[in-house]
Amino acid sequence: MKTIYKKLLFLFLLLPFSVLAQSTLNGTVVDAATGQPIPGVNVNVQGAPGGTSTDFDGKFKLTNLKSGDKILVSFIGYKTETVNYAGQSTLSVSLQEDTNQLQEVVVQVGYGTVKKKDATGSVSQISAKEFNKGINVTPESLIGGRIAGVNVVGGGAPGAKADIRIRGGSSLSASNDPLIILDGLPLSNAVPSGATSILSTIDPNDIESFTVLKDASAAAIYGSRAANGVIVITTKKGTKGGVKVNFSSQVGVNTVANTVDVLSADQFRNLVNTLGNDAQKATMGTASTNWQKEIFHTALTTNNNISVSGALFNKLPVRLSVGNVDNPGILRNTSFERTTTSISLNPVLFDNHLKIDISGNLSFSKNQFQDEDAVIGSAISFDPTQSPYQAGSRYGGYFEWLEPNGNIALLPAKNPVARLNQEDKRSKSTRKWGNISVDYKFHFFEDLRVVAEAGIDRFDSSGYNRQSTESILGFQPVPFTSAGYVNLGNYDTYTDDLQNKNLNTYFVYTKNLGKLKLDATAGYNYQLFQKEKYQSGALTQPVETRNEDVITDPDINLQSFFGRLNLGWDSKYLLTLNYRRDGTSRFSEENRWGNFMGGAFAWNVAEESFLKGKETLSSLKLRVGYGTTGQQDISAQYDYLRRVTLGTINTQYVFNGVVYKTARPEGYNQNIKWEELAEMNIGADFGFLKDRITGSINYFDKKSTDLLADVLVPDGANLRNQGFNNIGNLRTKGLEFSLQSDIIKKR
């Protein structure tokens with residue numbers, strides 16, 4: 001009994017020391033290559049609940065440690081480090097990059113991200129290091145020919161819009177342009193007069209990545225605007241660590257690669273002298289003019305950009321960029337110039353529970369246009385025996401074909417050199433867009449996050465068109481042979497203002513339940529589009545013949561509820577379900593709301609025991625998906641309403657000296673609604689030799705139905721009684737294949 005008492009006394013005396021042995025550890029986690037701190041690193045004690053993560057300075061604190069505890073330090077893209085605790089009070093951990101984890105690319109999807117290996121739909125991402133090199137004036141040129149199933153066809157004018165088509169066209173009568181999401185802000189495809197495209201105001205140097213949601217199962221979460229696919233653009237953000245300054249300057253020479261093969265002046269003379277009549281022979285000139293050479297020239301394009309990124313006060317990641325591009329066209333008297341300023345702020349607060357992303361851009365553009373089709377067409381067909389100039393010509397000294405009475409000949413081509421020099425079309429545009437995203441992870445319930453995004457896009461333009469008083473394009477109220485002949489020329493101005501406001505709010509719930517991984521998203525979207533336009537009419541004409549017009553389009557309001565559910569079992573079996581209920585003011589109350597859904601299933605075959613760890617076939621994922629999307633971007637906003645439009649100056653009546661405008665009823669369709677698209681996708685993603693060779697193959701079958709989308713009837717008619725239910729169907733099938741190899745790089 002005395003021995004037992006002694007042992008109990010010994011344990012009682014030892015208890016305080018055991019309590020004191022549970023110590024506190026302060027540590028720092030840095031990147032082994034750069035020595036910079038890494039925020040958001042997971043720090044846990046093996047076998048113990050809870051844990052912590054590093055703050056913005058890479059620091060962490062663990063309490064209640066006992067000697068012999070194993071501390072696990074892990075972060076995406078780095079190898080996990082295990083440290084044995086032996087009573088030390090401080091700890092510094094250097095994490096090495098893990099090449100295999102870095103290949104697990106995180107791709108943007110609707111209202112969130114997902115690891116590429118866990119994606120179930122047909123999603124492609126291309127980042128800055130994979131963009132097309134050279135001078136890229138507009139962002140579209142970065143991805144031309146780089147993504148399977150995505151065609152980019154650019155225009156020839158400076159800064160011209162490039163048409164982007166994802167798996168071909170999907171619309172029968174409306175727009176075939178994809179929906180573009182810029183840093184969380186859905187853009188309108190409307191472009192103000194005088195601007196070239198919705199992306200021309202963005203400096204390609206500011207873009208980090210493009211993510212393309214190709215099939216309907218992936219794009220269904222964007223509902224009635226996703227029938228043509230979705231492109232998610234992410235701009236570059238601020239970085240941790242010290243200040244970095246990047247400057248790039250490029251100069252490019254633009255030349256005409258090929259011209260149309262036409263007859264030379266001597267060949268044309270021989271032809272006319274051989275086959276022509278005397279009157280035709282008499283019209284030939286003595287010059288030898290290469291008209292295509294006259295309208296084209298060699299131009300130099302310059303592109304300069306400077307950016308500064310780093311952590312302000314060692315706390316606030318920030319990036320500031322200024323860029324300028326000057327792109328004269330190879331067609332004379334055409335040009336595009338753009339100056340942009342962008343800023344990004346990305347603070348992380350409250351122990352990584354609050355993440356804020358602020359993006360802003362200010363752009364100024366100048367354009368000089370020409371009627372390219374008319375000028376180039378004239379240059380191809382104009383008589384090469386004529387000189388561009390003619391002494392004594394009343395048209396500014398330029399040669400023009402005239403009738404015997406001295407009036408302009410209507411049928412022959414017009415002098416392209418005169419047109420280039422006597423017509424001046426210029427515009428200026430200003431664009432201001434910005435988006436703020438607040439992502440808060442609840443302290444008391446860390447599996448749940450709430451995200452709120454607010455953005456605005458203001459796109460304003462102004463410009464003028466001027467024709468010389470010596471130009472054949474000038475306004476001529478009476479023929480030249482008349483005593484009262486006068487060439488008034490032409491001058492008109494315009495302004496065009498577009499505004500787009502957006503608000504998203506959604507909740508994200510993620511939970512790992514053993515082998516089951518659950519990720520659920522649900523939220524609300526509000527968007528408002530506004531437009532106002534002014535046209536002065538021809539200011540050189542008499543007041544009574546001008547056609548001044550102020551157009552204020554009705555606002556377009558979109559409201560939506562959306563949700564997504566991702567389920568994964570043991571990283572092998574993946575299921576994604578998307579849903580969106582969309583409402584738009586474009587359509588009547590009966591057709592205003594629609595439901596769009598998508599689902600996809602994927603099997604990570606490489607995670608099965610019979611393939612896991614194999615080097616030859618290192619990854620294999622099979623996918624199947626189906627979804628429905630829509631297209632509500634029709635040309636007119638409220639065609640379901642009965643409307644009356646006032647006539648122009650050409651439809652006025654004069655009674656007793658008073659001018660009265662006429663009014664006419666517009667066609668309408670009470671049953672108008674969006675087009676609908678249903679798409680099926682079957683695909684596979686694969687990798688060989690530890691993913692040194694990777695690729696994907698997809699088969700898709702999509703069918704779009706135009707449900708009374710553009711059919712308007714006169715006031716009083718009833719389209720439904722005439723038996724019109726569907727206007728038409730468009731079906732597209734295709735097979736995509738892509739293959740990438742990084743063998744040399746990985747060695």
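In what order do the four strands of the open, antiparallel sheet stand? Hi everyone, let's start there, and keep in mind that this is a predicted model.

The order is β3-β2-β5-β6. On the outside we have β3, residues 52–53, and β6, residues 81–84, and each of these edge strands pairs on one side only. If you zoom in on β5, residues 70–74, you'll see four bridges tying this strand to β6 in the antiparallel sense. One pair to click on is Ile 71, whose bridge partner in β6 is Val 83.

Now on to a three-stranded sheet. This open sheet runs β4-β1-β7, and its pairing is mixed. Its edges are β4, at 59–65, and β7, at 90–95, each with pairing on one side only. On average, neighbouring strands here are turned by 30° against each other, ignoring direction. Where does the parallel part come in? Between β1, residues 23–31, and β7, which pair in the parallel sense over six bridges. Have a look at Asn 26, which stands opposite Thr 90 in β7.

As a general reminder, strands of a sheet pair through backbone hydrogen bonds, in either parallel or antiparallel fashion.

Finally, let's jump along the chain to β25, residues 490–513, and β26, residues 516–535, an antiparallel pair with 20 bridges. Asn 502 faces Gln 527 of β26 there. Two residues sit between the strands of this hairpin, and Gly 514 takes a positive phi near 70°. From β26 we can step across to β27, residues 549–569: these two run antiparallel and are joined by 19 bridges. For a landmark, find Lys 533 opposite Ile 551 in β27.

Thanks, everyone!

Definitions and conventions. Residues are numbered from 1 along each chain as its sequence is written. This is a predicted model: local features need pLDDT of at least 70, side-chain atom pairs count only at pLDDT 80 or more; totals for chains, interfaces and linings use all residues. Side-chain values use heavy atoms; hydrogens and water are left out. Two strands pair if DSSP finds at least two bridges between them. Axes are lines fitted to C-alpha atoms, for helices over the stretch in contact, and angles run from 0 to 180 degrees between N-to-C directions.
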